[in-house]
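I opened the notebook today to look up two things in this structure, its cavities and its aromatic pairs, and I keep the entries in the order in which I looked.

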Amino acid sequence: MRVFTSMEAHGVRPTSSVFNSLIHACLSSGNVMTAQSLFEIMESSEGYKPNSETYDAFISTFSNLGNAEAMEAWYSAKIAAGFSADLRTYESLISGFVKAGKYDSSDKLYEEMTKSGVMPNIPILENMLEGLCKRRSVGQVKEFLNSLVDVGYEISGQMAEGLVGLYVEVGTVEDMEELLVTLMNANQVSEILSRVHCGIIRKYAMLDRLDDVEYSVGLMLKQGLSFHSPDVVENVICSYFRQAAFDRLDLFLEHIRVYYELRRSTYDLLIAGYRRAGLSEKVDRVIKDMNSAGLS
């Protein structure tokens, strides 16, 4: 505000861009009342009326706050002022609706956006997929995913995590294997394929289907991919311990050694598991391996 006062004192005429910068600064610092006062000054002026960016600043702010009611009010005001929704507007609105759990509104807006010829960006797609995953709608998720890969969109890491998380929680292994085939056929990047492979392995480990775990691990490694998280490795180790399949666990650890470096948490899990099983020799060996890895 001091900048605005100083400009007036020096006879510098303010512009919409200057007001927008001040509004952005106020909104960023949480001073909504001052931002609204500046908007009212713009409305009553002749030379620096609110423009599309002005309305988008308020829409974005209330979207981030998850205040769907205020966000919608500013969107309605933007349309009433003669401005149309652009990519930034749609991104803020869809994000805000998903945050607020108003999924029907986000679906309707996404459909409106695509029909108007505006191509969604990755943040919009991530939010739409998040909304579908929160509804636990595997069928709709599949349909949405296919619509993306059919037109050549690349799946982001956030989207892959959402898909895998949904399928691990409420889907089947067959769903995940179908997802993997879909993404492989669409030539998605290695990082994304690795996340889905790991989701399949994790699902089999939860079910203690060790034959399938070992087959899936071998398939992933043959494709030049590896575990993206120690959690998945530890899920598999826990499955071996539950089945008291200690010799098979040894073979698994030997097999992945070339592709994956064990973390401290994984060594601790192995030591605890072998101790519970009374396998002191294996405990000593793991401690020796941990020391050799510089994790003592």
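The entries below deal with the cavity search and then with the aromatic rings.

Entry one. I note at the outset that this is a predicted model. I searched the whole structure for cavities of 30 Å³ or more and found one, and I recorded about 60 Å³ of space in the largest cavity. I then listed its lining, which consists of Lys142, Leu145, Asn146, Tyr167, Asp175, Glu178, Leu179 and Thr182. Sorting these lining residues by character, I obtained three nonpolar, two polar and three charged. Helix H9 (138-149) and helix H11 (173-185) each supply at least two residues of that lining, and H11 gives the most, with four residues.

Entry two. I turned to the aromatic rings, where a search of the whole structure gave 14 aromatic pairs. I looked at phenylalanine 39 and tryptophan 74, whose ring centres are 4.9 Å apart and whose planes stand at 85°, so I entered the pair as edge-to-face. This pair links distant parts of the chain, since phenylalanine 39 is in helix H3 (residues 32-44) and tryptophan 74 in helix H5 (residues 68-80), 35 residues apart. Phenylalanine 39 counts as buried at 7% relative accessibility, and tryptophan 74 is buried with a relative accessible area of 12%.

Entry three. I also recorded phenylalanine 58 with tryptophan 74 as a stacked pair, at 3.9 Å centre to centre and 5° between the planes. Phenylalanine 58 lies in helix H4 (residues 52-64) and tryptophan 74 in helix H5, so this pair ties together parts 16 residues apart in sequence. Phenylalanine 58 counts as buried, at 0% relative accessibility. I closed with the aromatic cluster formed by Phe39, Tyr55, Phe58, Trp74 and Phe83.

Conventions. Residues are numbered from 1 along each chain as its sequence is written. This is a predicted model: local features need pLDDT of at least 70, side-chain atom pairs count only at pLDDT 80 or more; totals for chains, interfaces and linings use all residues. Side-chain values use heavy atoms; hydrogens and water are left out. On a 1 Å grid over the protein atoms alone, a cavity is a set of points where a 1.4 Å probe fits but cannot get out, and a pocket is an open set with protein on both sides within 12 Å along at least five of seven lines; lining residues have an atom within 4 Å of a point. Grid points are joined across faces, edges and corners, and a volume is the space filled by probe spheres set on the points. Ala, Val, Leu, Ile, Met, Phe, Trp, Tyr, Cys and Pro count as nonpolar, Asp, Glu, Lys and Arg as charged, and the others, Gly among them, as polar. Rings of Phe, Tyr and Trp (its six-membered ring) pair if their centres lie within 6.5 Å; planes under 30 degrees apart count as stacked, over 60 as edge-to-face and the rest as tilted. Buried means under 20% relative accessible area, exposed over 50%, partly exposed in between (1.4 Å probe, protein chains only).
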